[in-house]
Amino acid sequence: MQKKKGFVFIETIVVMAVLLSSLLILYATFTSLAISEKRRLMYDDVAYLYRTYYIKKYFSSQRIDRILENLDPTDSSNNANFLISFGCGSRDVFTDYVKEGAFCEIMSQNLHISNLYLTYYDLSALQNCSNHTTGLCTTYAKVNQELADYLRTLGGKGISGYRMIVEYQENEKGNYCTTEEKCKHHFATIRIGD
């Protein structure tokens, strides 16, 4: 009888070890899925893509081509322009700055726009950066960490044209976020031009 009890005890330990390792694997998988789902909600969510479409439509009716002319990834110095930030204060974009600039400010607040960026559609050269101190890789040093993480997730290798990236800034209730509050950054991108 004593030998049988010892066998049951060892068998119980083995079963518990198998169950524990299975639970650990399940927990690790669940955690990685939860993180990727959280990232998916912050990147290219349908609601933000819908807003981005109308922002693109609005700026396409203005002189956005003047900003696109400033993109220059070939500059080998630390001043390579691979990503340009613009907004309602860009006087050279609007045909009538007084009227359109005021409308743009209202639109930015109502849509919770934090920043607008223009870049090339193909970001593979930027995504392959290992050193952020030379050439177009300095783009990562010029932007916040959230945008840098978002840029690394974008596809489009070999596709010509440009893209508009819109950074939205909201609080937990979904309202426009001020600097005193803890803000969530959402990103959406849409293709423009060829």
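In β3, M164 is the bridge partner of L118, and that pairing is a good way into this predicted model. From there we can follow strand β2 to its neighbours, to the largest nonpolar core and to the second largest pocket. Helices α7 and α4 get a short look as well.

**Strand β2 and its partners**
- Strand β3 covers residues 162-170, and 7 bridges join this strand to β2 in an antiparallel arrangement.
- β2 also pairs with strand β1 (residues 83-86), again in the antiparallel sense, over 4 bridges.
- Within β2, L116 is the residue that stands opposite F86.
- Most of β2 is covered, with 6 of its 8 residues buried.

**The largest nonpolar core**
- This core holds 41 residues, and F59, L147, L151, M164 and I165 are those with the most contacts inside it.
- Two or more residues each come from α2 (46-60), α3 (65-68), β1, α4, β2, α7, β3 and β4 (184-192).
- β2 gives the largest share of the core, 5 residues.
- As background, nonpolar side chains in soluble globular proteins tend to be buried together.

**Helix α7**
- Which residues of helix α7 are buried? In this helix, which spans residues 145-153, they are L147, A148, Y150 and L151.
- Looking down the axis of α7, you will find these buried residues within an arc of 160°, so they line one face of the helix.
- Two of these buried residues, L147 and L151, are also among the residues with the most contacts inside the largest core.

**The second largest pocket**
- The space in this pocket comes to about 180 Å³.
- Its lining consists of F86, G87, C88, G89, E105, S108, Q109, I113, S114, N115, L116 and Y176.
- The elements that contribute two or more residues to the lining are α4 and β2 (113-120).
- β2 supplies the largest share of the lining, 4 residues.
- Sorted by class, the lining has 5 nonpolar, 6 polar and 1 charged residues.
- F86 and L116, which stand opposite each other, are both in the pocket lining.

**A102 in helix α4**
- Helix α4 runs over residues 97-111 and contains A102.
- Is A102 buried, exposed or partly exposed? Its relative accessibility is 42%, so A102 counts as partly exposed, since that value lies between the 20% limit for buried and the 50% limit for exposed.
- A102 and C88 are separated by 14 residues in sequence, and their C-alpha atoms lie 8.0 Å apart in space.
- C88 is also one of the residues lining the second largest pocket.

Note on methods:
Residues numbered from 1 in each chain as written. Predicted model: local features only at pLDDT ≥ 70, side-chain atom pairs only at ≥ 80, totals over all residues. Heavy atoms only, no water. Buried < 20%, exposed > 50% of the residue type's maximum accessible area, 1.4 Å probe, protein only. Arc of directions from axis to C-beta. 1 Å grid on protein atoms, 1.4 Å probe; cavity = no way out; pocket = protein on both sides within 12 Å on 5 of 7 lines; lining within 4 Å. Points joined across faces, edges and corners; volume = space filled by probe spheres on them. Nonpolar A, V, L, I, M, F, W, Y, C, P; charged D, E, K, R; others polar. Pairing = 2+ DSSP bridges. Core = buried A, V, L, I, M, F, W, Y, C linked by side-chain atoms within 4.5 Å.
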